[in-house]
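Me: I have a structure open here and would like to go through it with you. Short answers are fine.
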Amino acid sequence: MIAIVDCNSFYCSCERVFYPALANRPVVVLSNNDGCIISRTDEAKALGVGMAAPFFQNREIIEQNNVTVFSSNYNFYGDMSWRVMETLRSLAGVHNVEVYSVDEAFIDLHEIEPENLHAFAKKLKSTVEQWTGVKVSVGVAPSKVLAKVANHLAKKDKRQTDCVVVLDTDEKLLEALHKTPVKDLWGVGRQYAVKLNSMNIITAYDLSTMNETWASKFLGGITGVRLIRELKGIPAIDLLDELTTKKMIATTRMFGSPVNNLIDIKEAVATYTARAAEKLRRQHSVAKTISVFVVPKEKRGSGEGYRRESSLSNYRNLPIATSITNELIKPALQLAESLFEEGNSYQKAGVTLSGLYPESSVQSNMFTTAPSKSMNALMDMLDNVNFSMRDDVIKFAASGTTKNWKMRQEYRSPRHTTRWEELREVR
DNA sequence: TCTGGGGTCCTAGGACCC
DNA sequence: TCTGGGGTCCTAGGACCC
């Protein structure tokens with residue numbers, strides 16, 4: 001059996017830990033740049049605040065109902081996430097926990113006796129809440145997809161389930177499948193939901209009766225086949241090794257306001273490159289390819305709805321794979337220059353590192369030398385300082401100091417857990 | 001006025017090779 | 001004039017996730 005532990009309204013939950021007075025009040029957390037609502041409590045949801053909805057469209061409801069608003073504070077959430085995951089690891093064993101996202105983890109329960117499943121799930125929940133203050137829901141079932149279904153039901157009716165649902169009999173599984181619309185399944189997005197409904201497949205149960213040949217044809221090949229198997233209770237998506245390394249690393253961000261000069265664009269690109277390089281070093285990889293993209297600000301008619309912007313990008317293959325920040329910044333700045341057009345205004349830029357290899361595999365060729373030991377030692381020191389502060393205390397000159405392009409964060413909470421000077425005071 | 005920031009996997013199709 | 005069959009590698013693009 002597999003469990004998924006999912007934090008309830010994670011970012012809001014984090015904020016509430018340090019503002020207990022908000023316990024039963026509506027709270028929302030905004031995306032970077034204060035653009036969208038990316039986390040909302042049940043109370044905010046009940047008021048009609050939409051998920052992933054633009055902030056400005058919900059402003060009225062928020063102000064009228066005195067909803068508490070926070071800008072996102074990723075240093076703080078990252079630290080809280082780490083605490084939650086450590087708690088789970090200490091209860092279930094390091095090797096049985098797969099951290100799936102900042103607020104979710106799968107747990108392999110093969111070491112737990114069937115009759116103890118429910119008690120163990122409860123223990124996961126109560127311990128996390130006691131040690132970190134973050135509320136969680138737990139779903140338990142024979143496969144990952146079914147565990148997600150269980151978790152969904154646990155969240156939907158918190159009072160009745162007490163946020164724990166264990167699907168350990170065929171009757172419970174069938175009932176759960178009948179109750180779940182296909183659109184709520186993990187792996188079925190908007191496109192597939194429409195397609196399935198048009199074929200008169202409405203509930204998860206309907207989908208579970210389909211065969212694999214059909215799934216292969218209509219639901220994205222092997223992905224669809226795995227979904228069907230998982231729905232039938234046959235695990236088809238492995239618990240991932242904790243040490244799997246990323247195959248691509250990106251850092252991209254909207255600007256606080258449109259940028260129209262090359263100097264600012266280059267500062268932003270240098271900053272993003274430094275951040276991406278840091279992620280790269282953390283997983284002990286080097287990158288062979290770097291690409292940069294910029295998104296011009298679109299001139300839109302008032303009648304048009306929002307649509308995904310189109311970006312301009314360019315890439316470069318490096319002579320030798322590296323994770324040294326300055327070796328990556330140089331080509332990144334050249335790429336930024338090649339993309340920039342005088343007179344244009346830009347709203348976003350990003351840097352992607354790909355062609356990743358373990359750093360131990362780097363070889364020098366005839367024209368280049370392997371990075372010197374001192375350069376690597378410098379990077380280590382920089383990462384240690386910046387990581388311990390969960391922020392960039394030490395930066396590269398190319399990142400600049402003006403930050404005309406940096407994002408808006410009007411409602412950010414203090415970095416309670418990573419800054420002494422921002423620690424909460426209790427009198 | 002104002003619409004996030006990361007990632008993954010899969011497939012199709014083109015380039016190239018023998 | 002005629003123009004195979006099989007393989008690999010790469011990229012772009014679509015779908016999905018939180």
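Me: Is Cys14 buried or exposed?
Reply: Cys14 is buried, at 0% relative accessibility. Buried means under 20% relative accessible area, exposed means over 50%, and partly exposed lies in between, using a 1.4 Å probe and protein chains only.
Me: Which cysteine sulfur is closest to the one in Cys14?
Reply: That of Cys7, at 7.3 Å, which is too far for a bond. Cys7 is buried too, with a relative accessible area of 3%.
Me: How many disulfides does the structure hold?
Reply: Zero. A disulfide here is a pair of cysteine sulfur atoms within 2.5 Å.
Me: What should I know about the model itself?
Reply: This is a predicted model, where local features need pLDDT of at least 70 and side-chain atom pairs count only at pLDDT 80 or more, while totals for chains, interfaces and linings use all residues. Residues are numbered from 1 along each chain as its sequence is written, chains are lettered from A and ligands numbered from 1 in the order in which they are written, and side-chain values use heavy atoms, with hydrogens and water left out.
Me: On to the DNA. Which residues come nearest to DNA strand C?
Reply: Asp103, Glu104, Gly187, Gln191 and Tyr192, out of 13 residues around the strand. Sugar and phosphate make up 100% of the atoms of DNA strand C that come within 4 Å of the protein. A residue counts as near if one of its heavy atoms lies within 4 Å.
Me: What does Asp103 do there, in terms of distances?
Reply: One of its polar side-chain atoms is 2.9 Å from a sugar or linking oxygen of DNA strand C.
Me: And which phosphate contacts are there?
Reply: Among them, a backbone N or O atom of Gly187 is 2.8 Å from a phosphate oxygen of DNA strand C. For Lys148, a side-chain N or O atom is 3.1 Å from a phosphate oxygen of that strand.
Me: Which element gives the largest share of the surface near DNA strand C?
Reply: Helix H9, with three residues. H9 (190-198) and strand E5 (97-101) each supply at least two residues of that surface. Helices (H or I, at least four residues) and strands (E, at least two) are DSSP runs, numbered from the N terminus.
Me: Different topic. Where is Ser9?
Reply: Ser9 is in the loop between strand E1 (2-7) and helix H1 (10-18). Its phi is positive, about 40°, although it is not a glycine. Most residues other than glycine have a negative phi. Ser9 is partly exposed, at 24% relative accessibility.
Me: What about Asp34, buried or exposed?
Reply: Buried, at 9% relative accessibility. Asp34 is in the loop between strand E2 (27-30) and strand E3 (37-40), and has a positive phi of about 55°.
Me: Now the strands. How many residues of E10 are buried?
Reply: In strand E10 (residues 285-296), 10 of the 12 residues are buried.
Me: Which strands does E10 pair with?
Reply: E10 pairs antiparallel with E12 (residues 346-358) over 11 bridges, and antiparallel with E11 (residues 312-322) over seven bridges. Two strands pair if DSSP finds at least two bridges between them.
Me: Which residue in E12 is the bridge partner of Phe293?
Reply: Gly350. On the E11 side, Val294 stands opposite Leu312.

Terms used: Polar contact = N/O pair within 3.5 Å; in protein donor to acceptor, adjacent residues only side chain to side chain.
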